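User: Please take a close look at a single part of this model and describe it for a bench biochemist. I would like one connected account, with the cut-offs behind each term.

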Amino acid sequence: MEVGGLPAELWQLILSYLRLPDLGRCSSVCRTWYELVLSLDKTRWRQLCLGCLEHRHPNWPNQPGVEPRSWREAFKQHYLSSKTWTKNTQDPESSNCLSLFRRRKGRRRLCVGAGGEFSSLRAALAAASPYDRLVLLPGVHEEQSEVLLKVPVEVVGQGKLGDVALLVSIDQHCPTARLCNVVFMPARFTSVVYKTTSGYVQFDNCNFESGQLQIHAPGTCQVKFCTFSQSSIYLRSVALCILENCEFTGSENASVTVEGCPSSDRNWACKHLAALAKSCAASVREPDPADCPMATLDGSGELLLGPVRTCEIVVGEERSSLLSAAGAQDLLGSAQEDSEFGENLQAAEEEYPVLDSDSSDSDLRSDDEEDAQAMYKLPCQGHSLSHTLADIMDSRLQSNRLHALQKDLKLKSLQQELQQDKEAQSLANSLQGCIIRQCLFRDGKGGIFIYSRGQAKLEESIFRDLTYAVRCIQNSKVIMLRNDIHHCKASGIFLRLSAGGLIADNNIHSNSEAGVDIRKGANPLVLCNKIHSGLRSGIVVVGNGKGIIRSNQIYGNKEAGIYILYNGNPAVSGNHIFQGLAAGIAVNENGRGQITGNVICENQWGGADIRHGGDPILRNNLISCGYSDGVVVGERGKGLIEGNAIYGNKGCGVWMTSSSLPHLINNQISHNSIYGVAVFCHKDDAGDYPHGQGGSENFQEEREGAGGENDPNREEEHPAARHPISVALVELNSINHNGAAGLHVKSSEALNVIANVIHANRDGGVAVLQSSQLTRVANNSISCNSRGGVLVEAECRVELRGNGIYENSSHGIVSKGEGIIMENDIIGNHRCGLQLLQAADMKVTKNRIQSFQDYGIALFDEAKGLVQENLIFQGRSKKSILRPVSNAEDCVIQNNMLLTFKKRFDMECMLINPPARPHIEGGALGSCAAAGGQRVSSITTRVDGGCHNHGSIFCTVL
């Protein structure tokens, strides 16, 4: 038949009145008619799909307002699901088609109920033949004792769902059965409404009221478009079962319980279910560019995450955005442009003004002064750290490096992770145990409980307003892909007792406790999730918990984005942790972990907070734009802090207490608003919890069992613990362009400061204000700072050896304390090279000293000590040593040498033998980390008043 005589729209109208069999016949006429039939997707196919009483909307219960991709395909799946239950492969393979044909022709329709052939279901089953259809007429059908299902039949309720109620307990002993359009209620004598231990059962469009469905291996099941109200499913050692498009509400315990390892004893339906699961598997979706954590009100009126704030950092004359418009999109996985974006950039520019490389040495001088200084200037660029200093002074190079770091730390998609991680790929593709897809769990105690080596796979489901969403324990395994978990009263996902699996691409938010809680040897893969807006931490790893935490977006949580304690030891890498209301990452109470390659920014407290025996490896992270300090190492904190870029924070770059023992090596610490590195004597108040904090999360079991001495795996898992350092070590860092002193020390313990570049900070280079134990400052380059190079206050003990102290805007060294100043180059500073004041008692030997316009060495007040064998270069002022008269006996000055300039570039007045300091032989010193610690508690509220009396805005862990 030709269709050219009528418009296609008219043919579509005519075909839209046909029944299903007629549509099938028309589609077989020719290609044109086939395409016409396909074009009826949003009309006739939609009517057929929604008009079937045995089925619900294809996207029920989670998205009933969203149309499927194809109504015809959805109707096809509905139709086939009502037929596949008869595919019992106990029949010979060659006779499958004949067997199905025989069943279709030989099936009887038996009516049960008032006006039907049978008055009860039991009577109908006694008379039924295999594959008969039992139709329950509207009404309530009740059985007084357990019903045995011995022949494969189909039980269907007539009318709308709810017209037929069945109070029964059925025990299936046949290979297969199907039940549809029925409301199940438990009989008076048991809560189990249906049970099978060997066969396959299929439930379509049923309601379960206050009952339980039990499936024991080798039995299997498929449950689709069913509602479980105060009901549950119990699966024991089931090899494979599928729950799709179901709703679970009001459960008093877990809605679905999975116990036992998937059985190797499989019935006939497992092959069919595996094929069905593969055909329905959704492809891994890429992050949606439209998704963005913007300020919105949820249904309950709670304020969710506010607008994304970006931070503009300025280096030299170049402005390089750490989180520019494109960078913010990469960081958040998706960022929309909004009206506040430009205002945020402008505000950030005001907060972080231009810091030119030589800003501290930018005093206005006349041309004559500059010429004179050039004449008396000693070349000092050839020291061991000159290459690092050159990098700092090149603002364009700094900018390029920051951009390269941002690019390297770009968030990976799940597809990229699965391509690189074969273990994760294997888990994502596994089909074992219980498969749950597109289900809704709400308003009950628990969602899924998996234990005793059970296995479950959860995809595209919603868990909300539960006590917990998923609890996985005792060597069990859970695979969670693209689920939405929110507003749980405890943790969203809870893993313990060596549980594992894959938690990937989920949206986990607004939970009362942690989004993901990993304890007691649990070791999951946590990849590419959004974990945000929690009332406590995003992820908690405690009690020897492990896990790989990678490529997640963790933001807007009220406590730490990731909280590690009680020997928790995860691998945390490639995450973006931002806009938290507390620390980005907190490591506490002997917590460990390898924290590498993360972007940690815009958090209210420290980017990383380490306290009470916390001993992590913090390496190659970008810690920037925080509202407090970059890294906090509190009371008894330890760890290796290496290779991080700590940049643009409103507090200090690194804040540490004197009782801590960190190894701070090879970090870039710059453009922070207060000190670059600050060491204080502050003691944590380890007793009280502020109101509403610290008490609700139960770590008692972990507290009792987390002693390092009792953990046999402790030393093997953390080799650095075998060689603990005994003195805090600040080594090979670049500390530059910070808003106050580069290094600020107010400590009661010993400290080693070795081979750092401390340059162009807005206060002094090194300030030692309190140091009852020895502070050793050796082989550092301290240059171009806005005040002096080194300040040592009274009653402080220091050793200054092998440093190059160049071109600072005030004195090179000012000391009121005691100790040794030996073999330093103190050159080109704008005031005195070395000044000893008050009761200073220093041994000053073998230094090379030059001041452009003041004394090389000046002694005032009651200063005493030994000043000998120093080489003093003449400056413009022709001043060498200012010696007091009052304390001639206590201050010995002898064997010092004065060199005067005869002409420019006089070789005698060059820093040649030895060359300019510092000298570092053998490259970087070996690194080591520490272990151990005592007690802990919880991260709590921020210090009132914002700025602590030490000058640091830091987070308090009680």
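Analyst: **From the first helix to the aromatic cluster**

Leu13 is placed in helix α1, residues 8-15. Helices are DSSP runs of H or I with at least four residues, strands are runs of E with at least two, and both are numbered from the N terminus. The model is predicted, so local features need a pLDDT of at least 70 and side-chain atom pairs count only at pLDDT 80 or more, while totals for chains, interfaces and linings use all residues. Residues are numbered from 1 along each chain as its sequence is written, and side-chain values use heavy atoms, with hydrogens and water left out.

Leu13 counts as partly exposed because its relative accessibility is 47%; the classes are buried under 20% relative accessible area, exposed over 50% and partly exposed in between, with a 1.4 Å probe and protein chains only. Together with Leu6, Leu10, Ile14 and Tyr17, Leu13 makes a nonpolar surface patch of about 480 Å². Patch residues have over 30% relative accessible area and no salt bridge; nonpolar side chains (Val, Leu, Ile, Met, Phe, Trp, Tyr) are joined within 5 Å and like charges within 9 Å. A salt bridge here is a side-chain nitrogen of Lys or Arg within 4 Å of a carboxyl oxygen of Asp or Glu. The areas come from the Shrake-Rupley method with a 1.4 Å probe, and for residues only the protein chains shown count as cover.

Strand β11, residues 200-204, presents another setting: five of its five residues are buried, so the strand is largely enclosed by the rest of the structure. Tyr200, Gln202 and Asp204 point one way from β11, whereas Val201 and Phe203 point the other way. Two strands pair if DSSP finds at least two bridges between them. Strand β8 (residues 176-180) runs parallel to β11 and is joined to it by five bridges, with Cys180 opposite Asp204. Five bridges also join β11 to strand β14 (residues 220-224), again in parallel, and here Phe203 stands opposite Val223.

Phe203 also belongs to a cluster linked by ring pairs, whose other members are Phe184, Tyr194, Phe208, Phe228, Phe248, Phe441 and Phe463. Rings of Phe, Tyr and Trp (its six-membered ring) pair if their centres lie within 6.5 Å; planes under 30 degrees apart count as stacked, over 60 as edge-to-face and the rest as tilted. By this rule there are 16 aromatic pairs. One of them is the stacked pair of Phe184 and Phe208, at 5.0 Å centre to centre and 15° between the planes. Phe184 lies in strand β9 (residues 183-185) and Phe208 in strand β12 (residues 207-209), so the pair ties together parts that are 24 residues apart in sequence. Phe184 counts as buried because its relative accessibility is 1%, and Phe208 is buried at 1% as well.

Cysteines complete the picture. The structure holds zero disulfides, a disulfide being a pair of cysteine sulfur atoms within 2.5 Å. Cys434 is accordingly in no disulfide, and the nearest cysteine sulfur, that of Cys241, is 3.8 Å away. Cys434 is buried, with a relative accessible area of 1%.
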